[in-house]
Structures are given as structure tokens and as C-alpha cells.
Amino acid sequence: MAQLASIQTIVTSTRIRLARNLSAYPFPQKLTPKLAKEIVYLVEHTLADLDNFQKNDIATLSEEESILLQEQHLISPALIRRKGISSAFIAQNKSISIMVNEEDHLRQQCIAKGFNLYEAYEKIVGIDEGLNERLGFAYDEKLGYLTACPSNLGTGMRASVMMFLPGLAWSKELENFIPQLKAGGLTVRGIFGEGTTAEGYSYQISNERTLGLSEEAILEQMYKMTMTLCDLELRARERMLKQNELSLKDLCMRAYATLMNCVLLPQKELASLIVKVKLGIALGFFKARNMQDFNDFIADMRPASFRLENSLQTTNETECDFIRAEIVQKVLPELVVKAK
């Protein structure tokens, strides 16, 4: 089985999401604006007794703020489309977000760094139980939790892991493995979930079946499949090195050198080059001092995150490209070094 150090170069993050509806209210498609606001009010006051959450009224967010929360996987495009009635409650450390009046009344999620299925599950279940005790969720003894989409009936739970799979993508083994995943009730999506494509060899693996399985069974299934994919990915990386070590090393080293010596660094070029550095870490050409810090840095350099975190007011793209290059050249050597 894959070792912990190797898993850290494969599994970027873990998410547990729960879909719930309040039994005393119509489903979101039938909600009036008045009733929708009542639900937001009830959730806000209930959460205040459970933890420290910040309320985000989607209608009042700027476009850049909305994009930032999407980049951080804290809200969904569906929530923004319903911005007239929707809100998001986000924990201070941004590990938990509660979306209100999306496809369901509540979409609760916990995001954990690395491979931490059970830790993420325990955290979100604590919030879920507190909300259910006070608000009462729609539940049927045979069907489980009642949801707007039948595909979420049962546990209403989606467990997912974000995985960096350059080896399996390069060998096209992932394409061949997808039918086996689907047969086991799992699916492969892009970095931002359903309807999105893979970005930089990153894929989201999650369960599709929620009906007829317990939450514990889903977690066990996800754990086993993640470990299987980790083992397959490590073997695929070994084959990559055996067949193309010099050309791959050259590719990764050139990417690092460009990042460390450019004067202007457009966002698109950064995205293309940084994934090659990440590939270099995966193949052993570089060493990350802390893989989670490196993944956080990549996330922080996404367009909205970069502008807001660095308080950039300018609309001059050349100036942004210059500042981006300076930041990368200051931070990257602290995170990644050439392997000995």
C-alpha cells in the first residue's frame, strides 16, 4: 500500500458534503422569497449556538468576491444563480461552509487538507446533528433524507477526494479505470465538481450512490478506492520515469527556472508552469518542504484569490503580471527545493 509521504503528493484535499431539507418548508423550487429568507434566518440563529460562522449574503457579494469563494470551493455556481434568496455561512478557518437555498435548503460541507475522510466526516456530522435537532430535516424511514434531486436520496452524502494523477493521465490508465469506478458507484469529475474538466492533472473522485448504503459504507468504499488509485498512480509514475526520465526532468526544471527568472508572469502561464513543478515533486526531481503549504500557495495564486489577498486595485494586467512574478520568486524557493 502507498506510504503517507507518497499519498501527500497525490491526495490534495478531502470533502464531505451533506444535502438536507427542512421538513416544515417546501423544497427550494417551490419556495417563495419570504419563506427562503425565513430559512436563512433560522439557520443563522441555529449556527450561532453551534460554532463561529460568518454570514455571506450572496446578493451583496461583488463578482470578484463570489469568484474567490468558488475558487476556495466554499460556494457553488448554483448558489450564485439563486443569489436573490441564498446565503453561505463559512467557518473562520474556512474548513466548513453551509450553503442555504441552493438545490436543497442546506448543502453542508467540510473540506480537509490531504487525505482525511473520517476527520472531515466527524466535523460536519457534529454540525448536521445540531441543525437537525433544532430545525428538523425531511426524512423517510425507507428513503432516508429527502432531497431535491433523487440522486441524493438516502444518506444525502457525497464524499470526495481531490487527487493529482499525472501518471494515470499520462498513461491513459485513468480512462480505462473509469468504468470500474462507475461500476462501484463512484465518479470522476473536474477540479470544481460536476460539469467541469480536469485542471493540471487534478481530478475529483466521489461516490454517486447515496441510497441503500450507510454513511460508514460510503466512507469505507471511498477509502479503499482512494488507496487503490494511489497505488496505481505510484506505479504509473515509476513507468513515466523509466521511459522518459531525462525529458521529464528537463521539462520540470525549465518550468521552475522560468518561474524564478521571468519579469512578467501572466496567470495562464503560471498555471501551466506550476503544474510542471508539482509534477517534478511527484517524480522526485524537487522536494516540497511541506506539500500542503505548496498546494495552498497554488490555490492562493488563482485569479480572484491573488487580487484580493494582495489588495490589488489596479486593472493594469502588466502590473499584475509583474507583481505575480515577484511573489512567486519570493515564495517558491521557500516551498520547493531541488532534490539531492
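## Strand β3 and its partners

In β3, the residue that serves as bridge partner of Gln54 is Ile90, and this pair belongs to a predicted model, as does everything described below. The strands β2 and β3 run antiparallel and are joined by five bridges. On the other pairing of β3, four bridges lead to strand β4, which covers residues 96–100, and these two strands also run antiparallel. Ile90 stands opposite Ser97 in β4, so that Ile90 is paired with Gln54 as well as with Ser97, according to the bridge assignment for β3.

Between β3 and β4 there are four residues, and the two strands form a hairpin in whose turn Lys94 has a positive phi of about 65°. In a regular strand the side chains alternate between the two faces of the sheet. In β3, Ser87, Phe89 and Ala91 point one way while Ala88 and Ile90 point the other way, and all of them are buried. Because five of the five residues of β3 are buried, the strand is largely enclosed by the rest of the structure.

## The second largest pocket

The second largest pocket has a volume of about 250 Å³. Its lining includes Ile90, Ala91, Gln92 and Lys94, together with Asn52, Gln54 and Asn56, and it is completed by Leu61, Glu65, Leu68, Leu69 and Gln72. Both members of the bridge pair Gln54 and Ile90 are therefore among the residues lining the pocket, where a lining residue is one with an atom within 4 Å of a pocket point.

Three elements, namely β2 (53–57), α3 (63–71) and β3 (87–91), each supply at least two residues of this lining, and α3 gives the most, with three residues. In chemical character the lining of the second largest pocket divides into five nonpolar, five polar and two charged residues.

## Strand β1 between β5 and β8

Strand β1, residues 11–20, has eight of its 10 residues buried, and it is therefore largely enclosed by the rest of the structure. Over seven bridges β1 pairs in the antiparallel sense with strand β8, residues 157–164, and a further eight bridges join β1 to strand β5, residues 106–113, again with an antiparallel course. Leu18 has a bridge partner in each of these strands, namely Met157 in β8 and Gln108 in β5.

## Nonpolar cores

In soluble globular proteins, nonpolar side chains tend to be buried together. The largest nonpolar core of this model has 55 residues, and those with the most contacts inside it are Ile16, Ile98 and Met163. Helix α8, which spans residues 215–261, gives the most to this core, with nine residues. Apart from this core lies another, of 32 residues, among them Cys262, Leu273, Phe297 and Cys320.

When neighbours within four places in sequence are left aside, Ile98 is in contact with Ser87, Ala88 and Phe89, and also with Leu47, Phe53, Leu106, Arg107, Gln108, Ile124 and Ile127. Gln108, which is the bridge partner of Leu18 in β5, is thus also one of the contacts of Ile98, contact being taken as heavy atoms within 4.5 Å.

## Asn295 in helix α10

Asn295 lies in helix α10, which comprises residues 291–300. Since its relative accessibility is 12%, and the limit for a buried residue is under 20%, Asn295 counts as buried. With neighbours within four places in sequence left aside, the contacts of Asn295 are Thr12 and Lys278.

Key: Residues numbered from 1 in each chain as written. Predicted model: local features only at pLDDT ≥ 70, side-chain atom pairs only at ≥ 80, totals over all residues. Heavy atoms only, no water. 1 Å grid on protein atoms, 1.4 Å probe; cavity = no way out; pocket = protein on both sides within 12 Å on 5 of 7 lines; lining within 4 Å. Points joined across faces, edges and corners; volume = space filled by probe spheres on them. Nonpolar A, V, L, I, M, F, W, Y, C, P; charged D, E, K, R; others polar. Buried < 20%, exposed > 50% of the residue type's maximum accessible area, 1.4 Å probe, protein only. Pairing = 2+ DSSP bridges. Core = buried A, V, L, I, M, F, W, Y, C linked by side-chain atoms within 4.5 Å.
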